[in-house]
Amino acid sequence: MKYHPDPKPIWAIGHTDYNTLTFLFYQPVAGLQVQTKEGWKYVRSNPGSIIVNVADALEFLSGGYLKSTVHRVVRPPEDQADRPRLGLIYFARPEADVRLEPVRSPLLERLGLRREVEEGLASVTAEEWARARIAKDHRFRAGIAKTRETEIIAGVKQKYYD
């Protein structure tokens with residue numbers, strides 16, 4: 001993904017990814033931020049490193065134990081603002097026919113850490129989730145939907161972080 005220098009302060013609004021894990025390979029130009037309890041924080045990308053974000057499908061499959069990483073891309077600091085930001089990103093997804101129902105974990109159950117997720121997802125496949133999420137985002141960005149839609153699929157509501 002390539003972000004060209006742009007004077008806008010936010011290049012990609014706050015969001016979560018729809019897959020299971022997102023791998024972001026070393027990026028020398030700053031701009032990635034994650035949302036914390038204290039607000040938005042920059043993520044340092046060290047040479048030779050890979051940043052790993054948990055995404056929605058893994059949150060669903062873990063019964064909510066693992067949480068999707070809320071992140072955004074902002075304009076780099078002034079000393080890097082004129083440089084393009086080129087990122088190598090790999091999105092890992094479950095097989096298309098995997099149902100997004102929580103995987104049973106006796107350990108999490110014993111520890112009382114298992115949480116319930118959206119009920120309707122047990123009947124939704126990973127492919128259906130990905131297609132619905134991508135289509136909803138596209139409709140808004142393309143101007144087909146004039147307002148932000150709230151439901152993605154099976155009663156799962158879209159969350160906005162801007």
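Is glutamate 109 buried, partly exposed or exposed? In this predicted model, glutamate 109 is partly exposed, because its relative accessible area is 34% and that class covers the range between 20% and 50%. This residue is also a member of a charged pair, to which the account returns after the overall confidence and the sheet.

The confidence of the prediction comes before the details. Across the protein chain the mean pLDDT is 87, and 95% of the residues score at least 70. Among the elements of the chain, strand S6 has the highest mean pLDDT, at 97, whereas strand S11, which covers residues 156-157, has the lowest, at 80.

The sheet may be followed strand by strand. Four strands make up an open sheet in the order S2-S7-S4-S5, and their pairing is antiparallel. Its edges are strand S2 (10-15) and strand S5 (39-42), each of which pairs on one side only. Ignoring direction, neighbouring strands of this sheet are turned against each other by 30 degrees on average. In general, the strands of a sheet pair through backbone hydrogen bonds, in either a parallel or an antiparallel manner.

At one edge, S2 runs antiparallel to strand S7 (residues 71-74), and three bridges join the two. One position in this pairing is alanine 12, whose bridge partner in S7 is valine 73. At the other edge, strand S4 (residues 32-36) pairs with S5 over four bridges, again in the antiparallel sense. Here valine 34 stands opposite lysine 41 of S5. S4 and S5 form a hairpin, with two residues between the strands.

Strand S6, already named for its confidence, spans residues 50-54 and contains valine 52. Valine 52 contributes to a nonpolar surface patch of about 480 Å², together with Phe25, Ile50, Leu88 and Tyr90. Why can valine 52 be part of such a patch? The residue has a relative accessible area of 43% and is therefore partly exposed, while membership of a patch requires over 30%.

The charged side chains are considered next. Side chains of opposite charge can pair when their charged atoms come close. With a cut-off of 4 Å between the nitrogen and the carboxyl oxygen, the count comes to six salt bridges. Among them is the pair of arginine 75 and glutamate 78, with the closest N and O atoms 2.7 Å apart. Arginine 75 counts as partly exposed, because its relative accessibility is 24%, whereas glutamate 78 is exposed, with a relative accessible area of 62%.

Glutamate 109, the residue of the opening question, forms a salt bridge with arginine 104, and the closest N and O atoms of this pair are 3.2 Å apart. Its partner, arginine 104, is exposed at 60% relative accessibility, while glutamate 109 is partly exposed at 34%.

A further salt bridge links glutamate 127 to arginine 131, where the closest N and O atoms are 3.0 Å apart. Both residues lie in helix H3 (residues 126-141), and they are four residues apart, about one turn of the helix. Glutamate 127 has 31% relative accessibility and so counts as partly exposed, whereas arginine 131, at 58%, counts as exposed.

Key
Residues are numbered from 1 along each chain as its sequence is written. Side-chain values use heavy atoms; hydrogens and water are left out. A salt bridge is a side-chain nitrogen of Lys or Arg within 4 Å of a carboxyl oxygen of Asp or Glu. Buried means under 20% relative accessible area, exposed over 50%, partly exposed in between (1.4 Å probe, protein chains only). Patches are made of residues with over 30% relative accessible area and no salt bridge: like charges are joined within 9 Å, nonpolar side chains (Val, Leu, Ile, Met, Phe, Trp, Tyr) within 5 Å. Accessible areas come from the Shrake-Rupley method with a 1.4 Å probe; for residues, only the protein chains shown count as cover. Two strands pair if DSSP finds at least two bridges between them. Axes are lines fitted to C-alpha atoms, for helices over the stretch in contact, and angles run from 0 to 180 degrees between N-to-C directions. pLDDT is the predictor's confidence in each residue, from 0 to 100.
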